[in-house]
Amino acid sequence: MEISIWVSVLSILLCFFASGSRSIDDFHQPFPIVEPDPGHTKLRLSSEGLEAISRITTPIAAVAVIGPYRSGKSFLLNQLLSLSCYKGFGVGHMRDTKTKGIWVWGTPLEIDIDGVKTSVFYLDTEGFESVGKSNVYDDRIFALASVMSSVLIYNLPETIREADISRLSFATELAEEFYGRFTLMPYLIGQDVAFEPAKLLWLIQRDFLQGKSVQEMVDEALQHVPNTDGDKNIDQVNQIRDSLAIMGSNSRAFSLPQPHLMRTKLCDMKDDELDPLYVKKREQLKELVASVIRPKIVQGKTLNGKEFVSFLEQILEALNKGEIPSTGSLVEIFNKGILERCLKLYTERIGKLGLPLSEESLHNAHERFREDAMKAFDEQHFGRHHAQRSVMKLDEDIEEAYKNVIIANEYQSAKLCEALYTRCEDKMDQLQVLKLPSMAKFNAGFQQCNQSFEQECVGPSKANYEQRMMKMMGKSRALFIKEYNHRLFNWLVAFSLVMVVVGRFIIKFILIEMAAWVLFIFLETYTRMFWSAESLYYNPVWHFIVSTWETLVYSPLLDLDRWAIPISCLVAVWILYLRCCGRRKHGSRWILPLYNTHKGGSNRPRSD
């Protein structure tokens, strides 16, 4: 029992793998590539047809036949492929409801187009106006065939009806959006553009060829319909007629007689049984298709099998996007990549700016980069009318990116100006506690700090920090001036006492000691007796003292506040050297009078 179960499982697996694998010979048959959903409203891709296409590595071109239900599309394709009804696309009742969506012949024709080996696929489409389908579904089939094909054969029996012209509304919109753009801007052909719409071939099959030519029939059918009453529906039909004119050389007409009067037995007839005129015209049609077909070019490059499948996925996404297919949805899909590239161009260029910048400089750069991005989009975008939505989307995205840059600029500006403000604040604090107070040094530091802030602080935060700087530096200056005179007075008093000690005990120079005592007495007695604290600082004598002090303490070449201690140490060492060693070598001869501390000399005669 267990063995039989395992055998059954193994046989099922073998059947599964056998059904899932295909040899190259299996592709010599039609496959569905696009199928309807159960509701017959939207389309979906079929894996079988995609597998047949994706294996192709050479450039691909497609010939699609569209037309009313049971108008002979499948038979026509078999004739173009030189296949019988039993080997090619099913005809009439042979496939009935299986002919849904779009089918492809699995083995393409290999032809040489301008020296390039090209694989040409032939596509059979579900007929219009069949039972159980909505007009929206027919529109999607027509739209998909229009976009994916290189040559679109519009197969019509007998004559051209008004409904046949109305059905071309989507094709004409495509022509206006894409082919019309090529007409206006021919330098774009072959460059980074979406695709050139399929060449439209009006194929009219009729039992007689006398009378008007098919080109005359097409021209007459496309003439304006009189509309004296202003009917909106007639206006719409006339607009379609006007739009068809834009296709110009992109469309042509061809007539094909009926192959035989016994249509139900066409599949069993050979060429020598068919009408010789039909056979002749059929061969002319093959030559015409071969002469006008070109590889499908999307965004500046030909497509191989895998790329063509990706192209189909894009188109299907666009067509299924809304309730009805529209060129607007197609334009958005194809402009999406260009929009992203143009936005990237803008963000990369504005991202290279060294922030922070002034608001004016940043705005000018934004306008310049925005203009470049819009220019690039205008040169590459798809569509003439519906592209406006993509332009608005690009402009919105650029403005959103610019807002982020503005926020970043404000942050960097505040960060930089805060650092400069803090540095100046620290500098002002250092100047407040100078060892030797100097108004000249304070002013030099004040000016340097102010200049560096003005030059380096940029961006939207500058105005705010300028006000803070003015307040902070004004307070620092007022505080320094207030303390300056008082500290200088105390320094002069301390200096006079230091010089008394130096003149008395170190160098023993009486004149220095006397001058120091005079200065000390003057500062401590005379100024207090005859000058008030306020009037002292306005006295010419005090101004002379201040200017002398400033000259000694600070100059661009020497800053005593930094070098006072080292210089004092050097002077003290030098004096000690002179006191200790100089007198031994050169005696006690001084230029200026010194204290004579000897009570008696060594050369004094000794008394007995």
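A salt bridge is taken here as a side-chain nitrogen of Lys or Arg within 4 Å of a carboxyl oxygen of Asp or Glu. The model is predicted, so local features need pLDDT of at least 70 and side-chain atom pairs count only at pLDDT 80 or more, while totals for chains, interfaces and linings use all residues. Residues are numbered from 1 along each chain as its sequence is written, and side-chain values use heavy atoms, with hydrogens and water left out.

**Salt bridges**

The whole structure contains 14 salt bridges. Three of the pairs are listed below.

| Pair | Closest N to O distance |
|---|---|
| Glu126 and Lys100 | 3.5 Å |
| Arg294 and Asp114 | 3.7 Å |
| Lys462 and Glu454 | 3.8 Å |

Helices (H or I, at least four residues) and strands (E, at least two) are DSSP runs, numbered from the N terminus. Accessibility is given as relative accessible area: buried is under 20%, exposed is over 50%, and partly exposed is in between (1.4 Å probe, protein chains only).

Glu126 forms a salt bridge with Lys100. The pair links distant parts of the chain, 26 residues apart: Glu126 sits in the loop between β6 (116-125) and α4 (135-148), and Lys100 in the loop between α3 (73-80) and β4 (102-105). Glu126 is buried at 3% relative accessible area, whereas Lys100 is partly exposed at 23%.

Arg294 pairs with Asp114 through their side chains. Arg294 lies in the loop between α9 (276-292) and β10 (297-298) and Asp114 in the loop between β5 (109-113) and β6, so this salt bridge ties together parts that are 180 residues apart in sequence. The relative accessible area is 35% for Arg294, which is partly exposed, and 67% for Asp114, which is exposed.

In the pair of Lys462 and Glu454, Glu454 is partly exposed, with a relative accessibility of 35%. Elsewhere, Asp271, Arg282, Glu283 and Lys286 belong to one network, joined by salt bridges that share partners.

**Nonpolar cores**

A nonpolar core is a set of buried Ala, Val, Leu, Ile, Met, Phe, Trp, Tyr and Cys residues joined through side-chain atoms within 4.5 Å. The largest has 51 residues, and Leu144, Met148, Trp202 and Phe308 have the most contacts inside it. Helix α4 gives the most to this core, with 8 residues.

Leaving aside residues up to four places away in sequence, Leu144 is in contact (heavy atoms within 4.5 Å) with Val34, Leu43, Ile102, Ile315, Leu316 and Leu319. Another core, of 34 residues, lies apart from the largest one and has Val91, Trp105, Leu203 and Val292 among its members.
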